[in-house]
Amino acid sequence: MPTFSSEALAGKVAIVTGGGTGIGRGIALEFAKVGADVVLASRKLENLERVATEVRALGRKALAVQCDVRERAQVEAMAATALQTFKHIDILVNNAAGNFNVPAEELSPNGWSAVVRIVMDGTWNCSQVVGKEMIAAKRGGTIINITSNTPITGSPGNVHSASAKGAVVAMAHTLALEWAKHRIRVMCVAPGQTETEGVRQQLWKNPDSDKKYLQAIPAGRYARPEEVAYACIFVASEAGAYLTGSTIYVDGGSTLVSVPASVRVHEVGETKS
Ligand code: NAP
């Protein structure tokens, strides 16, 4: 198991949206192991409280705040509570997202906006609200958007998610340029297929397509949430001080070969019947 210095993020306060499950939980726990205090923000407080307890068991402080990132007032309230508790915010990880499989021609307007509002509007709400606090505090900061390789590879069956992730990449590039003068670095970390409960339940119901996905990943296995977290630690630490406006792929090589569209389309077709 690789390790960072236990001081890599010492004294830092990090907000992780969607920190109650999957990759977000992994980021929160790995951040805590290297010295960060963590604010966990999403809709389901019971999940956040569970992870907050795990963070505290690692010797760090944790705050669980119920927050729907689509709602600006809730994001403002979450950031205000974080500031009241910890006095500063150094890292924001925009990890919250939603996704489901549907052929593009059958995607409803509501389905489109459900995903785009979480991923694109939610990332913007958190970035602007926290970014303004970072600018005012004059301490610099790091914003990390958890994206994916779909803006490059395409993702049949996920046009809403792939489009929103592409927007979030453009957002990171633009904010990196605008906020460099405030010493705020804005990066993307793009996981490949990662073993999380949510993904298993929603996207890989079929063992046959699971096998085909695995065959298409050069590393021969899915990523683990903590492996995505390690890239985030690197980005947010002093070691990543010269990183801004780019994307780190944690994908076992899968972006280079991509999962054949035939596998994905097959899977989407199966969810219909
Ligand atoms: P996950 O376990 O489903 O996590 C998504 C999180 O987002 C949940 O904790 C959920 O919490 C939160 N969320 C959803 N809607 C929200 C809202 N309106 N406001 C606040 N929080 C909200 O999925 P995951 O696999 O860990 O994915 C984490 C990130 O990695 C996502 O950005 C995803 O696109 C990206 N990613 C994952 C994979 C993969 O293979 N797993 C691959 C590429 C990229 P609540 O329900 O409590 O709100």
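**Strands, helices and a ligand: how do we know?**

Visitor: What makes S2 and S3 a pair?
Guide: There are five bridges between S2 and S3, in the parallel sense, and two strands pair if DSSP finds at least two bridges between them. One bridge puts Ala41 with its partner Val65 in S3. This is a predicted model with each chain's residues numbered from 1 as its sequence is written, where local features need pLDDT of at least 70, side-chain atom pairs count only at pLDDT 80 or more, and totals for chains, interfaces and linings use all residues. Side-chain values use heavy atoms, leaving out hydrogens and water.

Visitor: Why is S3 called a strand?
Guide: S3 covers residues 62-66; strands are DSSP runs of E with at least two residues, helices are runs of H or I with at least four, and both are numbered from the N terminus.

Visitor: What makes S3 mostly covered?
Guide: Four of the five residues in S3 are buried, where buried means under 20% relative accessible area, exposed over 50%, and partly exposed in between (1.4 Å probe, protein chains only).

Visitor: What makes the unit of S2, H2 and S3 right-handed or left-handed?
Guide: The test is to point the strands away from you: if the path from the first strand over the helix to the second runs clockwise, the crossover is right-handed. S2, H2 (residues 45-57) and S3 make a right-handed β-α-β unit.

Visitor: How do you know which strands pair with S1?
Guide: Count bridges again. S1 pairs with S2 (residues 37-42) over five bridges and with S4 (residues 91-94) over three, both times in the parallel sense. Ala14 shows up on both sides: Val38 in S2 stands opposite Ala14, and Ile91 in S4 does too.

Visitor: Why is S1 called largely enclosed?
Guide: S1 (residues 13-17) has five of its five residues buried, so the rest of the structure largely encloses it. Val13, Ile15 and Thr17 point one way, Ala14 and Val16 the other.

Visitor: What makes H1 largely enclosed?
Guide: Nine of its 12 residues are buried, so H1 is largely enclosed by the rest of the structure. Among them are Ile23, Ile27, Leu29 and Phe31, and also Glu30.

Visitor: How do you know that the span of H1 is close to what is expected?
Guide: H1 reaches 17 Å from first C-alpha to last, close to the expected 16 Å; that expectation is 1.5 Å times one less than the number of residues. After H1 comes Gly35, with a positive phi near 105°.

Visitor: What makes H9 mostly covered?
Guide: Of the 12 residues in H9, 11 are buried, including Tyr230, Cys232 and Ile233. The cover over these buried residues includes H1, S4, S5 (141-146), S6 and S7 (247-250).

Visitor: Why does Ser161 count as buried or exposed?
Guide: Ser161 has 9% relative accessibility, so it counts as buried. Ser161 sits in H6 (residues 159-179). Setting aside residues up to four places away in sequence, Ser161 touches Asn99 and Val115, a contact being heavy atoms within 4.5 Å.

Visitor: And why is Gln193 called buried, partly exposed or exposed?
Guide: Its relative accessible area is 22%, so Gln193 is partly exposed. Gln193 lies in the loop between S6 (184-191) and H7 (197-202).

Visitor: What makes the link between Thr255 and Asn149 a polar contact?
Guide: Their side chains are joined at 3.1 Å, and a polar contact is a pair of N or O atoms within 3.5 Å; within protein, one must be able to donate a hydrogen and the other to accept it, and residues adjacent in sequence count only if both atoms are side-chain atoms. A further polar contact joins the side chains of Thr255 and Asp251 at 2.4 Å. Thr255 itself is in H10 (residues 254-257) and is buried because its relative accessible area is 17%.

Visitor: How do you know which residues surround the ligand?
Guide: A residue is near a molecule or strand if one of its heavy atoms lies within 4 Å of it. For the ligand that gives 25 residues, the closest being Thr21, Ile23, Ser42, Arg43 and Thr194.

Visitor: What are the polar distances from the ligand to Gly18, Ile23 and Asp68?
Guide: A ligand oxygen is 3.3 Å from a polar backbone atom of Gly18, and an oxygen of the ligand lies 2.8 Å from a backbone N or O atom of Ile23. A polar side-chain atom of Asp68 is 2.9 Å from a ligand nitrogen.
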